[in-house]
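Reader: I'd like to go through a few of the labels used for this model. Can you tell me what stands behind them?
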Amino acid sequence: MSDYEVLVIGAGPGGYVAAIKAAQHGKKTAVVEREHLGGICLNWGCIPTKALLKSAEMLESMRHAKDFGLVASEVKADFPAVMKRSRDVANGMSKGIDFLMKKNKITVLTGTASFSGPKTLTLTKGDGSTTTVTADNIIIATGHKPRTFPHLPVDGKKVINYRHALAMESLPTSVLAIGAGAIGMEFGFFLRSMGAAVTIVEVMDQVLPVEDAEIAKFVERQFTKQGVTVDTATGVKVHLEKGGVAEVVEVEKVLVAVGFLANTEGLNLDVAGVKLDERGFIAVDANQLTSAPGVYAIGDVAGKQLLAHKASFEGEAAVGHIAGHPAPVDYRQIPGCTYCQPQVASIGLTEKKALEGGRKLKIGRFQFVASGKAKAIGHPEGMVKLIFDAEYDQLIGAHIVGVDATEMLGELCLALRLECTAREIAETVHAHPTLAEAVMEAAADALGHAVHQ
Amino acid sequence: MITELTFPALSPTMSEGTLVAWRVKPGDVIKAGAVVAEIQTDKAVVEWESPEGGTVRELLVAANQVAKVNTIAAIITSKGEDIAATLAAAKAKNEKLAAGATPTAPVATATAAPKPAPNFAAAPAPAKPAPVKKGPRVSPVAARIAAENGLDLTRISGSGPDGRIVRVDVERAVRDGSAKAAAGPAAPAKPKLKVLRADKADASVAMSPMRAVIASRLLASKQQIPHFYVEDVVDAAALSALREQLNLLDGVRVTVNDLITRACALALRAHPRVNATFDGKTVTQLDSADIAIAVALPDGLITPIVTKAHAKTVRQIGDEIRVLAKKAQEGKLAPAEFQGGSFTISNLGSTGISAFSAIINPPQVAILAVAAIKDEPVVQDGAVVAGKTLRLTLSADHRAVDGADAAAFMKTLRELLENPATLLV
């Protein structure tokens with residue numbers, strides 16, 4: 001008889017959701033966490049960064065007070081107070097998870113887990129003491145750690161990662177962000193608005209390389225307007241190691257945001273028979289099952305997109321399989337959001353991906369400059385781009401850039417899931433005046449009859 | 001704890017599967033994770049593991065049955081609880097789901113209307129009567145594809161949430177050609193006739209060894225054997241319907257030719273004078289119906305033989321013919337596979353031909369020419385109605401077979417083909 005029916009390693013957005021789902025299925029469940037409930041997402045990722053970005057947005061608004069007929073003087077950031085607010089928000093959320101664990105009668109085990117048998121884990125606590133637990137099913141949700149360059153070791157002072165960036169005590173005068181993914185772009189926007197000189201370099205030929213090229217170009221232009229130096233298709237070595245040959249960038253701090261590695265160290269996966277894929281993430285099937293029977297992996301440690309909501313849904317899929325109701329995750333339906341200003345939100349295929357295989361497309365666009373609401377709120381920079389297959393007008397990709405883009409995406413996630421065509425979106429009455437009208441107009445544009453452009 | 005094992009979706013696209021075999025029986029005590037059954041999904045045979053341990057109490061899906069995802073297949077208890085109520089509810093649920101079965105799975109007595117696994121259904125769902133549905137639930141793009149392809153949505157089973165018809169379901173129906181609405185759109189465009197070409201020089205083609213054999217044998221046959229012909233028209237409606245029904249079984253492909261071969265085998269055993277060889281002196285009536293099937297090759301034809309066809313099922317005959325035909329195309333037939341035989345069938349039905357007659361393959365004394373099944377008017381109860389007809393022409397050697405023998409054989413053959421269930425026993 002095992003100690004638990006389901007044991008989850010890691011209490012991030014994948015792990016804690018999986019634990020709650022397992023408990024709701026009536027399983028005797030425990031979750032192992034070595035640091036904070038809530039994982040990176042709540043403590044060092046999604047939530048605290050959103051708190052910082054809100055400060056940056058408010059600061060930007062205050063700077064534009066005059067545009068709105070308001071008078072504000074001495075507008076500036078109290079940087080330590082901004083950082084403190086972010087920590088407070090994160091800590092408050094983490095306590096909420098603690099409550100959810102208790103409510104669902106989930107045992108929280110503190111320590112670092114390591115396989116000592118196929119279904120057996122040794123937990124090492126902070127004081128070095130160890131205990132052994134067994135479980136019928138084990139879900140690995142240990143997340144990721146930031147990738148680093150071997151020749152550019154992260155020291156936490158001059159060369160930092162997002163985690164150090166979230167704990168900065170003072171504003172650096174200048175920052176070089178390596179990598180223009182979500183982290184590079186969000187910190188780039190935040191630090192620029194706080195007052196730092198920001199340079200972002202990206203080896204790919206566009207910022208936000210997973211996003212639609214047209215949208216990425218739009219964001220890049222806005223960043224340039226904000227005073228951020230953006231260099232795409234730029235190798236880092238040239239700048240940092242061969243400065244004499246190319247441009248020399250002198251900065252106070254370098255933020256390394258170049259991707260992630262799976263957190264598998266110390267798990268002793270060999271003992272359990274869990275195999276990794278060629279990129280070092282845990283290899284799983286459609287039901288999140290690893291190469292070891294009864295052992296599942298979800299979230300960042302299982303690769304694909306590194307997104308909290310993807311981890312949560314994979315957690316549900318793993319528990320569904322354990323409970324005999326498999327419901328594999330459909331990866332075409334995972335939205336992605338970046339919270340710099342302008343925001344970027346997307347789901348489904350980019351134009352480039354959609355064109356692969358010779359598919360014919362109908363593309364509808366709507367610029368925020370034509371939206372009364374966008375003008376009224378002072379954010380006319382933005383656009384909606386919807387991609388439909390030309391054969392049946394089915395929505396296959398949605399891309400929004402602009403203020404509140406991430407909140408506008410919801411209806412398009414639903415539309416994609418429900419297999420809507422351009423007609424359903426164009427014929428759905430959207431309240432006026434809202435930014436969401438742009439979605440309706442973009443769909444109408446794809447059908448060749450947008451009203452307001 | 002009472003656990004219901006519901007038929008799982010083992011792949012993202014799976015909406016139903018065949019329970020190939022149970023690995024447990026009522027009374028067995030199993031651990032969680034034990035393999036309880038093998039399931040044929042749309043992709044492979046997969047082992048089905050029980051999420052719970054306990055005692056197997058009831059199996060509600062028989063081996064080899066097709067079941068929709070979420071059919072309650074078995075009941076397991078952890079402490080020997082009374083399962084009467086659970087069992088009754090499960091049977092009622094399965095029956096209700098089976099009532100919603102679609103025509104794509106007529107053999108599935110335990111077929112359930114697709115219903116996704118409820119997320120937290122450790123306990124059986126409350127027995128609330130399903131609301132009467134006015135029409136099928138369908139996604140917008142699926143509705144559009146169905147409309148453009150003339151599909152009847154009521155004949156498509158949905159794989160989405162609560163049986164919602166989604167794009168993959170209608171695309172499958174488009175591919176299958178199933179679920180066509182009664183007044184469907186125009187038939188697919190006719191293929192272009194490729195007959196026009198530029199002039200070229202006359203060509204002299206040397207006779208291949210195979211052509212030489214065909215030439216000498218058929219010349220001898222036509223010159224030396226007094227051929228006579230008996231033609232009959234078979235009402236093939238039932239035969240076509242049976243074939244369609246058989247082909248609903250996943251993994252089964254039965255052709256009209258397979259059914260005709262089986263019918264010939266039975267008729268030949270009933271008419272030994274036709275199932276014979278003649279060497280000019282002695283007629284040898286053969287016991288076994290060893291039926292040669294003419295297979296066209298790029299330059300000629302060959303007649304591989306289904307031996308003891310009277311002792312084989314339609315499916316065995318069909319499988320054997322396809323193996324032999326493939327070998328024939330590849331030139332890999334062993335001599336034993338095409339020499340001998342008691343009777344030959346030549347089927348040109350695939351070309352749509354109306355009727356033809358064939359030359360006897362000596363020392364056999366008869367050969368059957370099979371044309372295409374045609375949509376033609378037939379008379380039923382004194383009225384002319386649309387029907388399906390099949391013309392069969394028997395060529396017989398009058399030295400060994402008389403007209404009455406040939407006609408009797410053809411009558412038996414017609415009766416078998418018009419009552420095709422006789423071919424299944």
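Author: Sure. Keep in mind that this is a predicted model. A good place to start is helix 6 of chain B and helix 9 of chain B, whose crossing is right-handed.

Reader: What makes helix 6 of chain B oblique to helix 9 of chain B?

Author: The angle does. The axes of helix 6 (residues 256-270) and helix 9 (residues 403-418) of chain B come within 9 Å and cross at roughly 140 degrees. Roughly antiparallel would take an angle over 145, and roughly perpendicular covers 65 to 115. The pair fits neither, so helix 6 of chain B is oblique to helix 9 of chain B.

Reader: Which residues make that contact?

Author: Helix 6 of chain B brings B:Ile260, B:Ala263, B:Cys264, B:Leu266, B:Ala267 and B:Ala270. From helix 9 of chain B come B:Phe409, B:Thr412, B:Leu413, B:Leu416 and B:Leu417. By class, that's 10 nonpolar, 1 polar and no charged.

Reader: How do you know that strand 6 of chain B pairs with strand 8 of chain B?

Author: Pairing needs at least two bridges. Strand 6 (residues 54-59) and strand 8 (residues 72-77) of chain B are joined by 4 bridges and run antiparallel. One of the partnerships is B:Leu59 with B:Ala74.

Reader: Why do strand 1 and strand 3 of chain B stand at the edges?

Author: The open sheet in chain B has 4 strands in the order 1-8-6-3, with antiparallel pairing. Strand 1 (2-6) and strand 3 (29-30) each have a single partner strand, so one side of each has no neighbour in the sheet.

Technical notes
Residues are numbered from 1 along each chain as its sequence is written. Chains are lettered from A and ligands numbered from 1 in the order in which they are written. This is a predicted model: local features need pLDDT of at least 70, side-chain atom pairs count only at pLDDT 80 or more; totals for chains, interfaces and linings use all residues. Axes are lines fitted to C-alpha atoms, for helices over the stretch in contact, and angles run from 0 to 180 degrees between N-to-C directions. Helices (H or I, at least four residues) and strands (E, at least two) are DSSP runs, numbered from the N terminus. Angles under 35 degrees count as roughly parallel, over 145 as roughly antiparallel, 65 to 115 as roughly perpendicular and the rest as oblique. A crossing is left-handed if the near helix is turned anticlockwise from the far one by less than a right angle, and right-handed if clockwise. Two residues are in contact if their C-beta atoms, placed from the backbone, lie within 7 Å. Ala, Val, Leu, Ile, Met, Phe, Trp, Tyr, Cys and Pro count as nonpolar, Asp, Glu, Lys and Arg as charged, and the others, Gly among them, as polar.
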